[in-house]
Amino acid sequence: MKNTLIALSLLILLSSCKTIKQDQGTASANEKNTNTTAAINNPVIKDKYSGDPAALVYKDKVYLYAGHDEAPNDFNFYKMNEWLVYSSSDMVHWQEHPVPLKVSDFAWATSDAWAAQVIERNGKFYWYVTVSHGTINGKAIGVAVSDSPTGPFKDALGKALVTNDMTTQTKIDWDDIDPTVMIDDDGQAYLFWGNSVCHYAKLKANMVELDGPIQTIDLPNYTEAPWIHKKKDWYYLSYAYQFPEKIAYAMSKSINGPWEFKGILNELAGNSNTNHQAIIEFKGKDYFIYHNGATQPNGGSFRRSVCIDRLFYNEDGTMKRVIMTSEGITE
């Protein structure tokens, strides 16, 4: 009997140790899961709907610009009256700044704070925007200027830089949208834009006038949302591809082409029909900024949210396909 009691006691003790070890393992796993949940950083803007992101690296910060999606839950089209701006020193924590620019800041425009991009030159910040024109049918591109990347911005021209009657390759009235701009190594600035047709033109040094004819680029399944950037000796022209939109890209040794199509860079943006990208390098790392309809319960094509994931290049300069994640940028 004594031996039986000793054996039973040992069995209970071993069982207790096993239970404690299991509980510790479960606690450790739960702690890990909690940490993983806490690390979910996409979308990066959670209190507002935001779409058509663009970004500017200036000094030691990144400035994130986006259109403000304000469509009510029962309104299935774009309702956008202003643009937003945020800044970050680490790509994880973002500070919101006061609204820097609205459609109403352009006296000649009526509506639609669509895709836009900011660039710095000689201490001034130029914001190229898409709006609807008040007297010339269709979308137009305007330019605003500020002494600060966070604004406030004001109309730099008092009129549109590009209007629908300046481009005639297609009969649609929304082909003059989605401006992207880059200053090349020799100081020459270029503006790219367009829906269904990709247009580009040189800009004068004052950044508010075209410098020469408007030209076009033939790209496979081009829809809209061009983004121009350079890394090392390569120029990259990424754009929204087909509809619903993926992101594809082409490469060239010259900003004037010829452009060689390289394929898909980013897949469909979840439950958003549109996809719109910005590509930057910051503190030695490359980033892909985009939007999707991730903010629920009412996110979607007209209530979008900006997300960020890492971008990587192959040795030959081609870009690896971007993997969209919920975790986003964690460090």
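This note goes through the salt bridges, the nonpolar cores and one small set of paired strands in a predicted model.

1. Salt bridges overall. The predicted model contains 12 salt bridges, and three of the pairs are taken up in the points below. As general background, side chains of opposite charge can pair when their charged atoms come close.

2. Arg304 and Asp69. The side chains of these two residues form a salt bridge with an N to O distance of 2.8 Å. Arg304 belongs to the loop between strand E19 (285-292) and strand E20 (305-311), while Asp69 belongs to the loop between strand E2 (61-68) and strand E3 (82-88), so this pair ties together parts that are 235 residues apart in sequence. Both Arg304 and Asp69 are buried.

3. Glu281 and Lys231. A salt bridge also joins the side chains of Glu281 and Lys231, at 3.0 Å from N to O. Because Glu281 sits in strand E18 (residues 278-282) and Lys231 in strand E14 (residues 222-231), the pair ties together parts that are 50 residues apart in sequence. Glu281 is partly exposed, its relative accessible area being 42%, whereas Lys231 counts as buried, with a relative accessibility of 17%.

4. Asp47, Lys48 and Glu96. These three residues are joined into one network by salt bridges that share partners. Within the network, the side chains of Lys48 and Asp47 meet at 3.7 Å, N to O. Lys48 is partly exposed at a relative accessible area of 24%, and Asp47 is exposed at 57%.

5. Nonpolar cores. In soluble globular proteins, nonpolar side chains tend to be buried together. Here the largest nonpolar core comprises 36 residues, and Met91 and Leu265 are those with the most contacts inside it. Setting aside residues up to four places away in sequence, Leu265 touches a list of residues that includes Ile247, Tyr249, Ile279, Phe288, Leu311 and Val322, and also Lys320 and Arg321. Another core, of 27 residues, lies apart from the largest one, and among its members are Val103, Ala160, Ile177 and Phe302.

6. The sheet E18-E19-E20. These 3 strands make up an open sheet, in that order and with antiparallel pairing. E18 and E20 are the edge strands, each of them pairing on one side only, and neighbouring strands of the sheet are turned against each other by 30° on average, direction ignored. E19 and E20, which run antiparallel, are joined by 7 bridges, and Asn292 stands opposite Ser305 in E20. Two of the salt bridges described above involve this region, since Glu281 lies in strand E18 and Arg304 in the loop between E19 and E20.

Terms used:
Residues are numbered from 1 along each chain as its sequence is written. This is a predicted model: local features need pLDDT of at least 70, side-chain atom pairs count only at pLDDT 80 or more; totals for chains, interfaces and linings use all residues. Side-chain values use heavy atoms; hydrogens and water are left out. A salt bridge is a side-chain nitrogen of Lys or Arg within 4 Å of a carboxyl oxygen of Asp or Glu. Buried means under 20% relative accessible area, exposed over 50%, partly exposed in between (1.4 Å probe, protein chains only). Helices (H or I, at least four residues) and strands (E, at least two) are DSSP runs, numbered from the N terminus. A nonpolar core is a set of buried Ala, Val, Leu, Ile, Met, Phe, Trp, Tyr and Cys residues joined through side-chain atoms within 4.5 Å. Contact means heavy atoms within 4.5 Å. Two strands pair if DSSP finds at least two bridges between them. Axes are lines fitted to C-alpha atoms, for helices over the stretch in contact, and angles run from 0 to 180 degrees between N-to-C directions.
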